[in-house]
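Open the model in a viewer and keep the selection panel at hand. The stops below go from one selection to the next.

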Amino acid sequence: MSLGVVILVHNALGRATEVIRHWAGSGCPVVVHVDSAMRRARFERFRAGFDDISDRVLFCERHRCEWGGWGIVAATQAGARMMLDRFDEVEHVYLASGSCVPLRPVSELKAYLAARRDTDFIESACVADVPWTVGGLSEERFTLRFPFSWKRQRWAFDRYVALQRRLGMRRRLPEGLVPHMGSQWWCLRRATLEAILSDPQRPALDRYFRRVWIPDESYFQSLARRWSSRIESRSLTMAKFDFQGKPHLFYDDHLALLRRSDCFVARKIWPRAQAIYAQMAAGGHPAQDAEPAPARIDRVFAAATERRVRGRAGLYMQSRLPNEGWENGFTAAPYGVLEGFAELHEGFEAWFAAASGATVHGHLFAPEGAEFEGGAALWRGAMSNHAALRDHDARRFLTNLIWNGRGARQVFQFGPRDSQHVSWDIAKDPNARIGVISGAWAVPLFRSGRAVADLRDVAARLQKAEADHLGALRSPHAKARIRIWTLAEFLEAPEEALAQMLADIAPGQAGPLPAPPARLPLDGFGRFLQEMRNQGMHPYLTGDIPADPNPRPRRAAPKPYLVSRPHA
């Protein structure tokens, strides 16, 4: 079996020289195409570097090779024509680039092809049958015209595509042509390649494909279907693409992964991947009769794509932060939000921390500033308690707090007096475990000792803020684990409510419930609420609390209003 190699080169000339010499040293004639954009003097120096093997390494006519344009096909045609004309012994022609590196000994590739002399290896799939196109055109690349460069003339490219769509313009396909797409990198039999280059319709086909978008992925792929007697629709060159359709670049730390694939050739290899190029120079990694299996490493690339696209839960990065909904979970871990509990108990935060083992903060969104655990001015990740810094982006403040607090359950207090920027965020966050005692904001007002008339407007403002917040918690969009008690309901069975919140926030805690913290005295609180009503402000969120300071229980303790289904 004689194998010829056509190599397209446009940069990294030092590494391209190593690759070309490796192919030639393995007994393969090589035809090199160098992008005409390269300066003449530089090209001549590059070509002169092969004077000692000029009988095995030839240089074909140069074309301007621009991504998405016809030049790449023209370069491939020129290289293939020279290969067939100058090397009669060649039976298969392998198309590669200067960044395609043989992973296995070339002798193994020759033996593989010798056992499959009647087979063309070219990825060729009908356009309508594959969802490969990412961020571009599929069928329209064959029915519209593309005279403008996508990279250099993007405005004209987009406007002309829009114009053709609006006018309903549609190109007529050459007779008998069925468009197919696939990888640019193929290995074709001499007879198939000769038939493609000598096709009687070639002038018309070339004219047509000159205005097809990215024709290097469709020209040979379509025409091989006309002339090949047996197609193996896959490339012998392993190339992986990311979710944007851009090729992965392989580095030295991918070497073990590349070996596991048993592929003959891989692209694109980073020019400074010393270990990969050293393996090539040493003759490659032998795999004997192993079948190339790039799918073996698909799981790794799928995981890499998942990490790049979705990232880690609750961690934000430049590529996702500006895009709403691109985050992989709003926060990194479950956390607790307690509303109204600290207003009713002395030393509640210290008690809950001891009972749950969680890190318990005060009111993180208090107007005076964030109340971190222990009254710290700075918390993990250099988070400041400064109110203006926090409120500049309250959502990121919350997500950073949960991310930096990984390893211990975070709990904080929240209420209508606090900044409400994150009200909807915590309601929609499946990681949030929220317990609300509605109307508890009235207790600090009652204990302030101020006249009811002076507190009326403050109470109305707090009740309005809490009502809006409860609306978010009761919304069909809420995904948090939410429990809501009115103040009256909580006062009838406080131990039950505390036990439920401990179970939600610290489900792994074992043992009996510790003695609850001391509740603040509320003698006269019912009369206080009645005076509020007398002032025209009805505190309906507190529930039914009579004016008698020591009422007798009137009914069994009710169950809390459960907004969302408990998480497993």
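Begin with Arg15, which counts as buried because its relative accessibility is 12%, under the 20% limit for that class. The model is a predicted one. Now add Glu18 to the selection: its side chain forms a salt bridge with Arg15, and the closest N and O atoms are 2.9 Å apart. Both residues belong to helix α1 (residues 13–25), where they sit three residues apart, about one turn of the helix. Glu18 is partly exposed, with 32% relative accessibility.

Next, select helix α6 (residues 154–167), which holds both Asp158 and Arg154, four residues apart, about one turn of the helix. Their side chains meet in a salt bridge with an N to O distance of 3.2 Å. Here both partners are partly exposed: Asp158 has 28% relative accessibility, and Arg154 has a relative accessible area of 38%.

For a salt bridge between separate elements, select Lys240 and Asp298, whose side chains meet at 2.2 Å, N to O. Lys240 is in the loop between β11 and α10 (255–261), while Asp298 is in helix α12 (residues 298–310), so the pair ties together parts that are 58 residues apart in sequence. Lys240 is buried at 12% relative accessible area, whereas Asp298 is partly exposed at 33%. Then select Arg116, Glu232, Arg234 and Glu291, which are joined into one network by salt bridges that share partners. The search of the whole structure finds 30 salt bridges.

Move on to the strands. Select β5, β12 and β11, which in the order β5-β12-β11 make an open sheet of three strands with mixed pairing. At its edges are β5 (101–102) and β11 (237–239), each of which pairs on one side only. Strand β12 (residues 265–267) runs parallel to β11, and three bridges join the two. To see the register, show Met238, which stands opposite Ala266 in β12.

The next stop is internal space. How many cavities of 30 Å³ or more does the count give? The count comes to three, and the largest has a volume of about 40 Å³. To display the lining of the largest cavity, select Ile72, Val73, Thr76, Leu95, Gln184, Trp186, Asp216 and Phe220. Helix α3 (residues 71–86) supplies the largest share of this lining, three residues. By class, the lining of the largest cavity has five nonpolar residues, two polar and one charged.

Finish with the rings. The structure holds 36 aromatic pairs. One of them is Trp67 with Trp213, an edge-to-face pair at 5.8 Å centre to centre and 85° between the planes. Trp67 lies in the loop between β3 (57–59) and α3, and Trp213 in the loop between α8 (202–209) and α9 (219–227), so this pair ties together parts that are 146 residues apart in sequence. Is each of the two buried or partly exposed? Trp67 is partly exposed, with a relative accessible area of 39%, and Trp213 is buried at 6%.

Now select Tyr208 and Phe209, another edge-to-face pair, with 5.2 Å centre to centre and 85° between the planes. Both Tyr208 and Phe209 are buried. For the last selection, take Tyr335, Phe365, Phe372, Trp379, Phe397, Phe412 and Phe414, which ring pairs link into a cluster.

Conventions:
Residues numbered from 1 in each chain as written. Predicted model: local features only at pLDDT ≥ 70, side-chain atom pairs only at ≥ 80, totals over all residues. Heavy atoms only, no water. Pairing = 2+ DSSP bridges. 1 Å grid on protein atoms, 1.4 Å probe; cavity = no way out; pocket = protein on both sides within 12 Å on 5 of 7 lines; lining within 4 Å. Points joined across faces, edges and corners; volume = space filled by probe spheres on them. Nonpolar A, V, L, I, M, F, W, Y, C, P; charged D, E, K, R; others polar. Salt bridge = Lys/Arg side-chain N within 4 Å of Asp/Glu carboxyl O. Buried < 20%, exposed > 50% of the residue type's maximum accessible area, 1.4 Å probe, protein only. Phe/Tyr/Trp six-rings, centres within 6.5 Å; stacked < 30°, edge-to-face > 60°.
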